[in-house]
Amino acid sequence: SSPHTSRNFFQRIFLPRSPQFNLYFFLLSLQMLKLVPLLFIWALFLVAFTHSLTISDVSVLLPWASSGYTLYVNSTAGSCVEWSTDSPHVVQLHYEKCSNELKVIPISGMMHDLSEQKVSAIVTAKDADHKVECEVYLGQLHRIEMLTSARKLYLGEVETLDIIGFDEEGNSFKTLNGLQFDWKSEKLTNKQKDGAIRLLPLNDVTVHLSVDPSKTHNNFDSSQTIICQGLEIGQAKVVVSSRTDTNIRDEVDFSVFDKFTLRPSPFLRLIPTSTLTYQLYRQNKDKAMIHVPMPNPRYVWSTSATKVATIDSRMGALSAKDLGMTSVTAKDTTFELNRAKGTVHVVAPVRIAFKFRPLSPALYKGYDEIKNLFSDSSSDGHNLVDKVDYEVTVEVFDEKENPIYLTENIQFDVTVEDAAEHVQIIEPTKNMHTFTLRTLKIGHASLKAKLVAEAGRLYPVSHSQLMQVFPRVAIAFTGQNIHLPATAYIQQQYKLNAEGGSRRYKWTILNPSVASVDAHGVITSKLQGEVSIYVFDSDNVFNGDMRMVRVSLPHALRWASGKREVPIGSYLCLKLEMHDAAGNAFAAFDAFKVSFKIGDYNIYAEDRKICADSPNVYEVHAKRTGYTTIQARLASGDMKDEIPVVAYEPLRTRIPRNDVDPIVIALGSTQPVVLENGPAEWETFQLYRSSSVSVSVKNHKLQDTIPVVLDEKASNIMSFSVTCRILGERKVTFMVTNTIHVRGAETTVETLTRTVMCAHPESMKLTPHTPTDAEDRLASEPMLPIDTNARLLAYHVSTNSSIILKIDLFDKNGNVFSAFNSLNKFWHL
C-alpha cells in the first residue's frame, strides 16, 4: 500500500502537509481551550436564571395585634416548596403542604414579654435547589395617618379613605389587618357652613366605586379602609382612632361642594359686541344635571374684568366689550366656597370657514366605520355629491386658530356666486350661522360669507369657498355580493371598477385576512369568510360605495343559461360558471385551469371572433347541421359539466324562392308561402321530448284596413297563403320558436322578414315553355291556366297540338309578379 495510507485518521483529516498550516491550527486549538472555562461559567449562569426561586417580600413590619400577612414565592422549576422559621415562639406559619403561599401570624401572647426588645423572625422558603428568606419584624402601633387623594367632595360623590400605621421610630407597617378602628364625622369650628359626610364600609353595595383590587385582598381589614360620601354642601371633618388606644388618632377636614357646569360652555372665545345668557346646571344626589332657573337669590354673577365683559348679577347675561380675558363666576351666597366658574376670552375674528355635513342618509353602507378610519375631507366643501342636502355651518377663528363661539346677535351675509344653478341655499337661519345647501347639478359654484355685527357693522373678514359637485361614486358591479373562490393553494383575483366622484379613488377592506384589495381595485381572495370592500372618493370620504365579498370553496362547474342552437355559419357564446356549495356563481375563477371538449368537431369548432374576451366564455362556430355535446372539466378532474348543442340550416322560404324580393302579388291573387329549415324539434336527434317548435306571422305595420291577409294551413305549420286585398306594400315577419326542454337552454327564436307588395301589372313577357308530361296532359283546353298561379297557358294550334306559353308580369319598377291567378279569365290570345 501507499506510504500515506499508514497515517491515522486524525493525521489525514486535520494535519495537512503544509508546516505553516499545522502551526496555525495548533495556535487556534490553544485559543479554543481558553474559552472552555468561559463557556462553563455561561452555562451555570443560564441554569441559575432559568431555574430560580423568588419571594414577594424580603422584609415586613407587622404590629403585634395583626391577624397576619401573606407571603408568596414563585418557583420556575415548579417543585415543592417547604416553609420554616427560626422563631416559632414569635410567629406562626399557616400553609398547606408544597404550597407557594404562606400566612405569617404574630403570637400576640409574646407581646408583653418581648415588647421592650427589637423582635424579628426569619421565614424561609426552600425547594430542591434554592432557598429564599423574609425577615419579619414585630412592633407596637404608635401613630396612624389618614390617606386621601382629595379633601374636596362633590355632593353625592364618594372618596376612599385609608389608614397607614407607624411604629415609634416612624417605620410604616406593612398591614394593619386585624386592628380595629373607629370612624366618625364631626362638625368643624370656625366653619362657613356646616356640611354633612356619610361614612360607609368598603363593601357597601349602595355606592358605585372603582376600588383598587389590592384593597380587597385579605391583607386589608374593612375598618382600615372606608368610604366617605358628601351629603350636604358645607364643611365637616372625618376622625379615625384606634379602638384599643383612643390617643392613636387622626382627622381630615373636608369641604362638600355642588358640581356645577356652565352652558353653552365654561370656556368661551367671543368677539366684541357678542351677548349671551349663561345657563347654570347643578348635579343632584342622583348625579343628574338639573337646570337652575335665574334669577335666583342664592346665586350672584360677576366678572373679574368689567372692561373686557360685563354680566348681569341676577340673570347671568354677559356682554363682550373689549379684547382681553375675564373670569365668570356664579357664587353661592350661602357657602362662599361653593361656586361655578368659567373663562371668557374676547378676541378679534381673523378667519371664516365653512363646515359641510350631509343631511341625507349615508350614501353607502359602512360609511360610519370608514369615516372613523380615514379623514373626512368632505367637510371643507371642495368636493360635494350631486342631489344631496348639506348642513353648512359658518365657523370663525382668531389669530391663533382657536374657534370663536358665535352668539345669536352675530350675523353673516351669505351668498352663492358663479353658476348658482348648481347649488341652492334653503332653510336659512336668521343670523345665517347655519343653513341647508342643496346640490342641484354637477359642476362648479362659489359660496361667500361676510361677518356682520350689531347695527350693521361689518368686520373686515370674509371668505369665498369654491365648491365642485360630483356624481355619486358607484362600484360597477351588479348585485351586492361578490363571490370568489379560494382553496389552500389557489387564490383568485378579480378587478372591480368604480365610476363617479373625482375619479381619484381609495379602495379598502377592513379585514384583509379574508380578502385584500390593492389601490386599483383588484381583489385577492385568501380565506373562507365574508368581508366588506369599500371605495370612496379620496377627496370625499362621504362619496363612496360598498359591496360584500364572500370567499368560499369551489363546489361545481355549471354552464350558464343561454343559447343552445344557432344556424350554420353563426357563433355560440357559452358562458361557464363555477358555483359554491350554496349555488352562488363566482365572479371569476380564471385562477383554476379548465379544459373544454367538443363531441363532434365536424358540427362545431372552437373559435374566437364575436364573443366577449373573457376566460369564462367559450366560443364555438356552427359548421354543419347536427347535434353534439360540449364538456367543461376542471384540471383536477373532480368537477365537470356537459351540455347538448345543435346546428341547423338558416330559415328561408322555399315558395316563393328565398331570393325573390319583394314578393309582388296582383290584386285579388293569392300567393302560397312555404318555409323551410330553421330550428327543428330535437326529436330529430333522438332527444326524447327535448323541444317543441311553433311558427307565427305578424305584419310589421298593422292598420285598420289590412292589405295582406295571412291564412295559416292546419296541415303544415310552415305553410301560409298571402292574399292581396288592397294596393300597397307591407313587411311580413315569419317567426319560428323552438322551446328547448334542457337545463339552462334559452328558447330559440329565428325570424325571416319579407316585403309583400300588392300592385297592378304594367308590362308582360311571353316565353315558349317546354311542358312536362303532367303539364302536357293539362293542356287539353285552350286558354286555360295550367298552374295555380296562371304563369303557364295552353293555346291550341291544331286538333292534336298546343303551344305552352310562360307569362311573366312586371310592375312599374320592373319587379316580377309572384302570383296573378286572379287575372286568368282576362287573357286573350
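**Notebook: core, sheet and rings**

I began with Phe-435 in this predicted model. I listed what Phe-435 touches, leaving out residues up to four places away in sequence, and found Phe-354, Tyr-390, Glu-391, Val-392, Val-394, Val-414, Ile-425, Ile-426, Glu-427, Pro-428 and Leu-447.

I next looked up the largest nonpolar core, which has 37 residues. Phe-435 is among the residues with the most contacts inside this core, together with Phe-356 and Phe-412. I noted as background that nonpolar side chains tend to be buried together in soluble globular proteins.

**Entry on aromatic pairs**

I found 11 aromatic pairs in the structure. I took up Phe-260 and Tyr-299, whose ring centres lie 5.9 Å apart with 90° between the planes, an edge-to-face pair. I then placed both residues: Phe-260 belongs to strand S17 (residues 260-263) and Tyr-299 to strand S22 (residues 299-303). The pair therefore links distant parts of the chain, 39 residues apart. I checked burial and recorded both Phe-260 and Tyr-299 as buried.

I turned to Phe-356 and Tyr-390, whose ring centres are 6.3 Å apart; their planes stand at 80°, so I entered this pair as edge-to-face. Because Phe-356 lies in strand S27 (residues 351-358) and Tyr-390 in strand S29 (residues 389-397), the pair ties together parts that are 34 residues apart in sequence. I recorded Phe-356 and Tyr-390 as buried. I also noted that Phe-354 joins Phe-356 and Tyr-390 in one aromatic cluster. Two members of that cluster, Phe-354 and Tyr-390, are on the contact list of Phe-435.

**Entry on charges over rings**

I looked for charged groups placed over rings. Arg-263 lies over the face of Tyr-281, at 3.9 Å from the ring centre. The charged end of Lys-259 sits over the ring of Tyr-154, and I noted 5.6 Å to the centre of that ring.

**Entry on a four-stranded sheet**

I traced an open sheet of four strands and wrote down the order S1-S3-S6-S5, with antiparallel pairing. Strand S1 (53-55) and strand S5 (91-94) are the edge strands, each pairing on one side only. The twist from one strand to the next averages 25°.

I then examined how strand S3 (residues 69-75) meets strand S6 (residues 101-106): the two run antiparallel and are joined by four bridges. Which residue in S6 is the bridge partner of Leu-71? I found Leu-102. I added the general remark that strands of a sheet pair through backbone hydrogen bonds.

Note on methods:
Residues numbered from 1 in each chain as written. Predicted model: local features only at pLDDT ≥ 70, side-chain atom pairs only at ≥ 80, totals over all residues. Heavy atoms only, no water. Core = buried A, V, L, I, M, F, W, Y, C linked by side-chain atoms within 4.5 Å. Buried < 20%, exposed > 50% of the residue type's maximum accessible area, 1.4 Å probe, protein only. Contact = heavy atoms within 4.5 Å. Pairing = 2+ DSSP bridges. Axes fitted to C-alpha atoms, helices over the stretch in contact; angles between N-to-C directions. Phe/Tyr/Trp six-rings, centres within 6.5 Å; stacked < 30°, edge-to-face > 60°. Lys NZ or Arg CZ within 6 Å of the ring centre and 35° of its normal.
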